[in-house]
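Visitor: Hi, I'm new to this one and would like to be walked through it. Could you start with the DNA and then move on to the protein chains?

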Number of protein chains: 2
Amino acid sequence: MTAPVVHELRSDARDNQERILEVARAAFASEGFDVPIREIARRAQVGVATVYRRFPTKEALLAAAFAERMAACLTIVEEGLAAADPWQGFRLVIERLMEVHALDRGFARALTSKFPRVFDFAEGRGRALRGLAELLSRAKEAGGIRKDVVLEDVVLALMANEGIRADSPQARVAASRRFAALMIQSFRADPAPVPLPSPVRPSLPISQ
Amino acid sequence: MTAPVVHELRSDARDNQERILEVARAAFASEGFDVPIREIARRAQVGVATVYRRFPTKEALLAAAFAERMAACLTIVEEGLAAADPWQGFRLVIERLMEVHALDRGFARALTSKFPRVFDFAEGRGRALRGLAELLSRAKEAGGIRKDVVLEDVVLALMANEGIRADSPQARVAASRRFAALMIQSFRADPAPVPLPSPVRPSLPISQ
DNA sequence: ACCGTATCGGAGCACCCCGTCCGGTTCCCC
DNA sequence: GGGGAACCGGACGGGGTGCTCCGATACGGT
């Protein structure tokens, strides 16, 4: 479903495919999904045609590269649903989703971009959103979250998180952590302010 | 300073320049700043060379097109500083800045992107940020905003706002309005939750 | 060791982008 | 209205991207 059939491949072809996927994941994660296929082929020490033989289009490569990220997101949501305290579960899910998105720019963009093609993203995204909706509903019922917060607000927050840029992945994660705390604060029903993680310096040249 | 000299231009050249700027502003606002120069020339009913004659590089055209948006941002900040209640001023500034950014995708991206070249953006951005810092400081002192909120958080919020996508400019503005309210809520020192504007549906296909 | 065949990989195609060149056109002043 | 300078705009060069073709290569069963 996610990875192409590896069974009947020759050994060198299998090695190449694995190397291509590894390289593609790393490239898309750090540089976003506009990395040229040629560049991925070069880094995987492989010809362009070899990439296209395994992944007939760039979109297919993107889908394959992001499949495990999507699985990670679904796992995060399910773990959140399994948490004893729905409020804590919700909080954790937001934090962890934002961290995944911060770690992989390409995945985040792909997720919130509407790809017309096959791309089983729609299905995974739908499942994740349904899980989020359920979690949100429970957290609201338990009194942890304002009643007037809707699922669309959570989506809004996740999209917004994607707009955050920073120079390094670490800086992005730190910024996302702070941002997650701020958003959660604004969702919270309990009026008492919660402590925030340490502030971060975004990539903008501030005051100069 | 912002617009090139118009004085010694022939009448047709002046007309063309104005039409190019108009078209460029509209195009960059609605489609982001990766609109091809050819396309702008076509819409302005002008040859490519004519665009390049007035604006020697695409960056120059961007700078010229965004100059008035930058002025608008500075005006917004100054009006916020002039407000009697620093908290209300801060609130209004955030809301209005986010609205401007939502209305002009290209400008938002240009602002938070670090252009290496001339681009007097750095100066305007610096002034805006200093104003924001002053406003934030006053609002904190007046007790409207949490003491642990720093200027970087405001920048974070503005960058995040840029990540919000929607199908139409109206939808973007509505989404930004909601987002601004959420962020302001999280900055607020007063524990009582404030009402939010009506929820919005982001461009993501939700639950499907 | 050998050979058929799956696989490889670089050259090549079609397209799009930014920015320039130069012959033709238009304005403006007299 | 006429001439010269300012101006226009399509064609062009250089570079980049997704994707394909086909001769060269390497695997692996015999």
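**The DNA, the chains and the confidence**

Guide: The surface near DNA strand C is made up of nine nonpolar, five polar and nine charged residues, where near means that a heavy atom of the residue lies within 4 Å of the strand. In this sorting Ala, Val, Leu, Ile, Met, Phe, Trp, Tyr, Cys and Pro are nonpolar, Asp, Glu, Lys and Arg are charged, and the others, Gly among them, are polar. This is a predicted model, in which local features need pLDDT of at least 70 and side-chain atom pairs count only at pLDDT 80 or more, while totals for chains, interfaces and linings use all residues; side-chain values use heavy atoms, with hydrogens and water left out. Residues are numbered from 1 along each chain as its sequence is written, and chains are lettered from A and ligands numbered from 1 in the order in which they are written.

Visitor: Which residues come nearest to DNA strand C?

Guide: Of the 23 residues around DNA strand C, the nearest are A:Asn16, A:Ala49, B:Ser11, B:Pro36 and B:Lys58. Of the atoms of this strand that come within 4 Å of the protein, 63% belong to sugar and phosphate.

Visitor: And what lies 3.4 Å from a base nitrogen of DNA strand C?

Guide: That is an N or O atom in the side chain of B:Arg38, and the pair fits the rule for a polar contact (N or O atoms within 3.5 Å; within protein, one must be able to donate a hydrogen and the other to accept it, and residues adjacent in sequence count only if both atoms are side-chain atoms). A phosphate oxygen of DNA strand C also lies 3.0 Å from a backbone N or O atom of B:Ile37.

Visitor: Which helix gives the largest share of that surface?

Guide: Helix 3 of chain A does, with four residues; helices here are DSSP runs of H or I with at least four residues, and strands are runs of E with at least two, numbered from the N terminus.

Visitor: What about DNA strand D, which residues are closest there?

Guide: DNA strand D is surrounded by 23 residues, and the closest are A:Pro36, A:Tyr52, A:Lys58, B:Arg10 and B:Asn16. A polar side-chain atom of B:Asn16 is 2.6 Å from a phosphate oxygen of this strand, and the side chain of A:Tyr52 has an N or O atom 3.5 Å from a phosphate oxygen. Helix 3 of chain B gives the most to this surface, with four residues.

Visitor: Switching topic, how many residues does each chain bring to the contact between chain B and chain A?

Guide: Chain B and chain A bring 50 residues each, with contact meaning heavy atoms within 4.5 Å. The area buried between them is about 4200 Å², and carbon and sulfur atoms give 64% of that; buried area is the accessible area (1.4 Å probe) that two parts lose on being put together, summed over both.

Visitor: How many salt bridges are there across it?

Guide: The rule finds four across this interface, taking a side-chain nitrogen of Lys or Arg within 4 Å of a carboxyl oxygen of Asp or Glu. One of them joins the side chains of A:Glu162 and B:Arg165, at 3.3 Å from N to O. On the chain B side, helix 8 gives the most, with nine residues.

Visitor: Where does pLDDT stay under 50 in chain A?

Guide: It stays under 50 over residues 1-7 of chain A, on a scale of the predictor's confidence in each residue from 0 to 100. Where pLDDT is low, the predicted coordinates should not be read in detail. Chain A as a whole has a mean pLDDT of 88, with 89% of its residues at 70 or more.
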